[in-house]
Amino acid sequence: MTIKIIMDTDPGIDDAAALTMALNDPEIDVKLITSVAGNVTVDKTTKNALKIVRFFNKKVPVAAGAKQPLIKEFEDAARIHGESGMPGYDFPEDLPKPLNMTAVEALRKTIMESDEKITLVPTGSFTNIALLFSEYPEVKDHIERIVAMGGSLGKGNMTSAAEFNVFTDPDAARIMYNSGIPITMVGLDITMKALLTPDSLSKLEHLNEAGKMLHDIAIHDGDNSLNGIAMHDVNTIFYLLHPEAIKTEKMWIDIVTDGPAIGETVGDIRGAYHDGKTNANVCVDIDAEAFNKWFLDEVSKINM
């Protein structure tokens, strides 16, 4: 049985790696890719999604989404991902066209026409998801779960409190977390542990052309250290395929939407404030060695 997913994304270097894994693993069936403003502007994230689809010669439709957050002023992460969002590799220029409909319309159509429930995998800001739930609440009954990259139970990477995806559109994040749909929060608590190590990176470029592409864009990622590069969004795909390698805890997640802690994901870790109710399955630990091995194995299997 394959896992039918929709990727809602803002490529972005690590988003490109997540798309690479999702598009090429036989256990995952990507039905749709929707873009959103986040790491760079939505025109660039749309183009980058199309570049990845074209690079792997896949026939997955791409729909352009929200240009800005619901309320908050837009602030990108070009300082981390470069002006284009995916620098360092010469992608084909003969790109397919995006769908002639908005991301929200494409999401609704794909979800409602599917013969089984869909898993949503948002790896950018959650604006498209919030708009979908607000305009077409009927889709909720047709969604299996949401596996979302974003948030942190501790330190943020955009501010001391907030992770970037949630910070970008905290009002959208609040709508998503209050949707009633089962959510797995794949946040900094594991993505900053499962770094792509320097050893893995050095091996990556010699695997095949897909590995060279990922290597060449990854080395331009500003989110790196001597210990490795954070491949945040890839952890969503790793979780879908290998949940046994990730420890999770159920808790209620609240989203701060204003003030100095805007974008913070506040976990009720003691179960003290919501009558014991939970709205998220939060990833809290990961087998980083298994993640690195899987990353290289996945790429090595890609035939182009």
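Lysine 4 stands opposite aspartate 29 in S2. This pair is one place to enter a predicted model, in which local features need pLDDT of at least 70, side-chain atom pairs count only at pLDDT 80 or more, and totals for chains, interfaces and linings use all residues. Residues are numbered from 1 along each chain as its sequence is written, and side-chain values use heavy atoms, with hydrogens and water left out.

Strand S1 (residues 3-9) runs parallel to strand S2 (residues 28-35), and seven bridges join them. Strands count as paired if DSSP finds at least two bridges between them. Strands (E, at least two residues) and helices (H or I, at least four) are DSSP runs numbered from the N terminus. Further along S1, aspartate 8 faces threonine 34 in S2. Helix H1 (residues 13-24) packs on the sheet and touches both S1 and S2, and its direction makes about 160 degrees with that of S1. Contact here means heavy atoms within 4.5 Å; axes are lines fitted to C-alpha atoms, for helices over the stretch in contact, and angles run from 0 to 180 degrees between N-to-C directions.

How many of the residues of S1 are buried? Seven of its seven residues are. Buried means under 20% relative accessible area, exposed means over 50%, and partly exposed lies in between (1.4 Å probe, protein chains only). Both faces of S1 are covered, with Ile3, Ile5, Met7 and Thr9 on one side and Lys4, Ile6 and Asp8 on the other.

S1 belongs to an open sheet of eight strands with mixed pairing, in the order S3-S2-S1-S4-S5-S6-S13-S10. At its edges are strand S3 (62-63) and strand S10 (246-251), each of which pairs on one side only.

One residue of S1, Ile6, is touched by isoleucine 111; leaving out residues up to four places away in sequence, isoleucine 111 also touches Ile118, Leu120, Leu132, Val139, His142 and Ile143. Isoleucine 111 lies in helix H4 (residues 103-113). It counts as buried because its relative accessibility is 1%.

Next come the aromatic rings. A pair of such rings is described by the distance of the centres and the angle of the planes. Rings of Phe, Tyr and Trp (its six-membered ring) pair if their centres lie within 6.5 Å; planes under 30 degrees apart count as stacked, over 60 as edge-to-face and the rest as tilted. The whole structure has eight aromatic pairs. In one of them, tyrosine 89 and phenylalanine 91 meet edge-to-face, at 5.0 Å centre to centre and 65 degrees between the planes. Tyrosine 89 is buried because its relative accessible area is 15%, and phenylalanine 91 is buried because its relative accessibility is 7%. Another pair, phenylalanine 291 and tryptophan 294, is tilted, with 6.0 Å between centres and 40 degrees between planes. Both residues lie in helix H12 (residues 288-300), three residues apart, about one turn of the helix. Phenylalanine 291 and tryptophan 294 are both buried. Ring pairs also link Phe55, Phe56, Tyr89 and Phe91 into a cluster.

Finally, the chain as a whole has 12 helices and 13 strands. Its radius of gyration, taken over C-alpha atoms, is 18 Å, close to the 19 Å given for 304 residues by the globule rule, so the chain is as compact as a globular protein of that length. That rule is 2.2 Å times the number of residues to the power 0.38. Of the 304 residues, 58% count as buried.
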